[in-house]
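Biologist: I'm new to reading protein models. Could you walk me through one, feature by feature?
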Amino acid sequence: MEFTFYKNISLAYYVAGRYDTAVFYLEKAQPIADKLQEYKLQTSVYNTYGNIYFSQGQYDLALENYFAAAKIYDAHNDIEKLAIPYNNIGGVYQLMKNYEQALKYFEMTEKLALQTGDQEGLAGVYVSLSDITLNQEKPKEVSVDHAKKAVEIFKKLGNKLAENNALLTLAKVYYHHKDYVLAESITRQALEQAKEIGARNLTAKALMILSNIHFDQGQYAQSIQVAEEVLNTDSTDNNITKNVYSNLVVANAYLGNPELTSKFMINYRDALNRYANESYQNSLSGMEVKYETEKKELKIEALEKQRQLYAWLGVAGAVILLIALAFAFIRYRLAVSKRKLAEEEAQRLEQEKQLVAVQATLDGEAAERTRMAKDLHDGLGSMLSLVKFNLPQLQGNAVLETEDVSRFQKALGILDDSIRELRRVAHHMMPESLLRYGLKASLSDFCAAIPIAHFHYFGDETRLSEKMEIMIYRCIHELVNNALKHAQASHINVQLVQEQDRLSFTVEDDGLGFDQQQATEGMGLKNVRQRVAAFQGEMNIYSSGQGTEIHVELELTKKGEND
C-alpha cells in the first residue's frame with residue numbers, strides 16, 4: 001500500500017533524527033489518507049507530525065497535530081486510541097511546565113486507561129503525575145502514591161525497564177523531600193535492578209541520584225566515589241555528566257582538594273560547552289525544517305548570533321557554579337551552626353534530666369523527713385511522755401533507799417533530756433514553725449538556739465511554695481552547721497532578702513576560711529549546690545583568712561515557685 005510505504009519511510013527518518021526528510025514523506029502520505037477517508041490512517045499522520053514537532057521543540061505545532069488526532073478519535077468514539085494523543089498533549093504541557101493543563105490531560109488519559117484496561121498506559125500516566133505533583137510542591141504522599149502505583153503495575157506486567165524508571169521516579173520524590181534514608185534504599189534497589197538488566201543509562205541515573213543523596217548529607221567522599229562510578233558507567237547523557245562534574249567540583253572543594261577541584265571545573269566547563277553545542281545543533285536542525293516547511297531563507301548572521309548566545313550561556317553557567325560554591329559554603333557554615341545548637345540543646349536536656357532527678361530526690365527526702373519527724377514526735381515522743389507520767393506514781397507506791405531515790409531522780413532527768421532531744425531532732429527534721437509560719441519564723445527559731453548565730457530578714461514576707469521553703473531552710477541549716485563544725489567561728493550571720501521576683505540568702509562567718517583552689521567541696525556543700533541547682537539558682541562561695549561567705553540567688557518565677 002502506497003500510504004504504508006510513505007509512512008514507514010517517514011518513521012525511519014524520524015527515528016534517525018532526519019526530521020526534514022520525515023516531514024517530506026509524511027506530506028506525501030497525508031493526501032492518500034484523506035482520500036481514503038480512513039480515520040486510523042489520518043490520526044497516525046497527525047500523531048507522527050506531533051512527534052516530529054515535539055522533538056524539534058515546536059510545541060505549538062505539536063499540540064495542533066495532537067489535538068487534530070484527538071478530535072478524530074473522539075468523533076469515532078475510539079476511546080482506546082484516544083488515550084494516545086491525550087497522553088502526548090499532557091507530555092507537551094508537562095515539558096512546558098504548564099502543570100495545570102498537563103494534569104488535566106493526564107487525568108483524562110488515566111480515566112480512559114482504566115476504562116479500556118490499558119495497564120501499561122495507566123502506569124506511564126502515574127509516572128508523569130508523580131513528576132508533576134513533585135514540581136508543584138504537592139504533599140509528598142501524593143507523588144509517592146503515583147510512583148508506587150506505577151512500580152507495582154510495571155512489576156506485574158514484567159516490564160523491567162519501565163519498572164526501573166518508575167523506581168527512580170519514586171527515589172527522586174523522597175530525595176526532593178529530604179527523606180534520604182528511603183531515597184537511598186529505593187535508589188540502591190533500582191541500581192541493582194538496572195545492572196541486572198544491563199541498562200547502562202538507568203544505572204548511571206541511579207548512581208547520580210545516590211551521589212546527590214550523599215552530597216546533600218555532607219558525605220562528600222562517598223558522593224565523589226559514586227560520581228566517578230557514573231562516569232565509568234555511562235557518560236553519553238550530557239545532563240547526567242553536568243550533574244556529576246558539579247558534584248565533583250563542590251565536594252572536592254569542601255574536602256580541600258584544590259587540584260581535583262580545578263580539574264573537574266575544567267570538565268564541568270567542557271560539559272557546558274557540549275550542552276551549548278548540542279542545543280545549538282538542535283536549534284539548527286529546527287531552523288532547517290522550518291526553512292523546508294515555510295520556505296524561509298536562513299541568514300548566517302542569525303546563526304552567528306545564536307553561537308554567541310550559547311557562548312554567553314557557558315559563561316553564565318560558570319557564574320552559576322561560582323554562586324553554587326558560595327551557597328554551598330554558606331550552607332556548610334549553617335550546618336555547623338545547626339549542629340552546635342543541637343549539641344547545646346542535647347546538653348540542656350541532659351541538665352534538665354539531672355535537675356529532675358535531683359528534684360525527685362529532694363522531694364523524697366522532704367517527704368521522708370516529714371514522716372520521720374511525725375513518727376518521732378507523735379509516736380516515740382508520746383511513749384516517752386507516758387513513761388515519765390507513770391514513773392512518779394511507781395515511786396509513790398514503793399519504799400526506796402536514799403541511794404535509789406537519787407538514781408530514780410537522775411533517771412527522770414535523763415528521760416526529760418531525752419524527750420527534749422527527741423523534740424529538737426523532730427523539729428530540725430521538719431520544723432513545725434516552717435510549715436505553719438514560713439521561713440522568717442523557722443529561721444529565727446533555728447538561729448536563736450545557736451548563741452553565735454544572728455538572723456536578719458529583709459523584704460517581702462509572702463509565703464513561697466512548700467518545696468522552696470524547705471529547700472532554703474535545709475540549705476541554711478547545712479551551711480550554719482558547716483560553719484559550726486569546721487570554721488571555728490565566733491560569729492555567724494544569716495541574712496535572707498526576699499523581693500517580688502527574686503530571693504537571696506547569705507551565710508557569713510568570721511572563721512578560718514579555706515583555699516578554694518586546693519580544697520574540694522565536702523558532701524554538705526555538694527548537697528547545698530544540688531538543691532540550689534534543682535531550683536535553677538546560683539551559688540557563689542567567697543573564702544579567705546578572715547572568714548567565709550556563701551551567697552545564693554534564686555529567681556521567683558511562676559515555674560520556680562511551683563516546683
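Modeller: Happy to. Let's begin with a term: a residue is called buried when its relative accessible area is under 20%, and exposed when that area is over 50%. Keep in mind that this is a predicted model.

Biologist: Okay, so how many helices and strands does the chain have?

Modeller: There are 21 helices and five strands. Of the chain's 563 residues, 40% count as buried.

Biologist: Let's pick one helix. Which residues of α12 are buried?

Modeller: First the general idea: an α-helix has 3.6 residues a turn, so residues three or four places apart point the same way. Now the case here: the buried residues in α12 are Tyr220, Ser223, Ile224, Val226, Ala227, Val230 and Thr233.

Biologist: And what do the buried residues of α12 pack against?

Modeller: Two other helices, α11 (200–216) and α13 (238–254).

Biologist: What span should α12 have, going by its 14 residues?

Modeller: You count 1.5 Å a residue, using one less than the number of residues. For α12, residues 220–233, that gives an expected 20 Å, and the end C-alpha atoms are 20 Å apart, so the two agree.

Biologist: Now the inside. Which residues touch the most other members of the largest nonpolar core?

Modeller: That core has 91 residues, and the ones touching the most other members are Phe3, Tyr86, Ile89, Ala150, Phe154, Val244 and Leu248. Helix α11 gives the largest share of this core, nine residues. Apart from it lies another core, of 39 residues, including Leu464, Ala483, Ile492 and Ile550.

Biologist: Can we zoom in on Ile89? What does it touch, leaving out residues up to four places away in sequence?

Modeller: Ile89 touches Leu63, Tyr66, Phe67 and Tyr105.

Biologist: What about backbone angles?

Modeller: Most residues other than glycine have a negative phi. Lysine 178 has a positive one, near 60°.

Biologist: Where is lysine 178, and is it buried or exposed?

Modeller: Lysine 178 sits in the loop between α9 (160–176) and α10 (180–197). Its relative accessible area is 55%, so lysine 178 counts as exposed.

Biologist: Which loop holds glutamine 536?

Modeller: The one between α20 (523–534) and β4 (538–544). Glutamine 536 isn't a glycine, yet its phi is positive, about 55°. With a relative accessible area of 43%, glutamine 536 is partly exposed.

Biologist: Last one: how much area does the chain expose?

Modeller: About 32000 Å², with carbon and sulfur atoms supplying 53% of it.

Key. Residues are numbered from 1 along each chain as its sequence is written. This is a predicted model: local features need pLDDT of at least 70, side-chain atom pairs count only at pLDDT 80 or more; totals for chains, interfaces and linings use all residues. Side-chain values use heavy atoms; hydrogens and water are left out. Helices (H or I, at least four residues) and strands (E, at least two) are DSSP runs, numbered from the N terminus. Buried means under 20% relative accessible area, exposed over 50%, partly exposed in between (1.4 Å probe, protein chains only). Contact means heavy atoms within 4.5 Å. Accessible areas come from the Shrake-Rupley method with a 1.4 Å probe; for residues, only the protein chains shown count as cover. A nonpolar core is a set of buried Ala, Val, Leu, Ile, Met, Phe, Trp, Tyr and Cys residues joined through side-chain atoms within 4.5 Å.
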